[in-house]
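Biologist: I would like a close look at a single part of this protein, set in the context of the whole chain. Please take it step by step.

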Amino acid sequence: MARRANEQHEAQKPYQIRLLTGASISAAADDVLSDADAVSGVRHIKHRPGLRKKSSGRGEFVDLHLSEVAQMVNYGFFGEIDVAVIEASHLHRMVESG
């Protein structure tokens, strides 16, 4: 996405995505997207300095508690969702028997 944003910006074409996360994403992804000015829309947590700086004063960024994100998406507060990438993991805790 960052590479595409850079290509479009070099061609003088606008390109940004609305990114909604349920939690923070890696610094590598956040920093690359921020440097490419690829994120324009709603995010859950904007913890990286680059995104905080770029989003300062822009009303489309919100800081929500994690527990509010799913319900707000479900009720349509963020508009239509074109693409969803959903990651889920299960942690299995081994219990030693003694």
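Which pattern does the protein chain follow when read along the sequence, and what does a close look at helix 1 show about its buried and exposed residues?

Modeller: This is a predicted model, and, read along the sequence, its protein chain follows the pattern α-α-α-α, with four helices and zero strands. Of the 98 residues in the chain, 23% are buried, and the chain exposes about 7500 Å², of which carbon and sulfur atoms supply 52%. Among the contacts with a separation of 6 or more, 26% are accounted for by residues 24 or more positions apart.

Turning to helix 1, which covers residues 2-10, the buried residues are Ala2, Ala5 and Gln8. Seen down the axis of helix 1, these buried residues fall within an arc of 125°, so they line one face of the helix. An α-helix has 3.6 residues a turn, so residues three or four places apart point the same way. Arg3 and Glu10, on the other side of helix 1, are exposed.

The buried residues of helix 1 pack against helix 2, residues 27-35. Some of the residues on this face also belong to the largest nonpolar core, which has eight residues in all: Ala2 and Ala5 are joined there by Ile17, Leu19, Leu33, Ala36, Ala38 and Val39. In soluble globular proteins, nonpolar side chains tend to be buried together. Ala36, one of the core residues, is in contact with Ala2, Ala5, Asn6 and His9, once its neighbours within four places in sequence are left aside.

Gln8 deserves a separate word. The relative accessible area of Gln8 is 15%, and therefore Gln8 counts as buried, the cut-off being under 20%. Leaving aside neighbours within four places in sequence, Gln8 is in contact with Lys13 and Tyr15. After helix 1 comes Gln12, whose phi is positive, near 60°.

For contrast with the buried face of helix 1, one can look at Val73, which is found in helix 4, residues 66-74. Val73 has a relative accessible area of 29% and is therefore partly exposed. Apart from its neighbours within four places in sequence, Val73 is in contact with Leu20, Phe78 and Ile81. Of these, Leu20 lies 53 residues from Val73 in sequence, while the two are 9.2 Å apart in space, C-alpha to C-alpha.

Conventions
Residues are numbered from 1 along each chain as its sequence is written. This is a predicted model: local features need pLDDT of at least 70, side-chain atom pairs count only at pLDDT 80 or more; totals for chains, interfaces and linings use all residues. Side-chain values use heavy atoms; hydrogens and water are left out. Helices (H or I, at least four residues) and strands (E, at least two) are DSSP runs, numbered from the N terminus. Buried means under 20% relative accessible area, exposed over 50%, partly exposed in between (1.4 Å probe, protein chains only). Contact means heavy atoms within 4.5 Å. Accessible areas come from the Shrake-Rupley method with a 1.4 Å probe; for residues, only the protein chains shown count as cover. A nonpolar core is a set of buried Ala, Val, Leu, Ile, Met, Phe, Trp, Tyr and Cys residues joined through side-chain atoms within 4.5 Å. The arc is that of the directions from the helix axis to the C-beta atoms.
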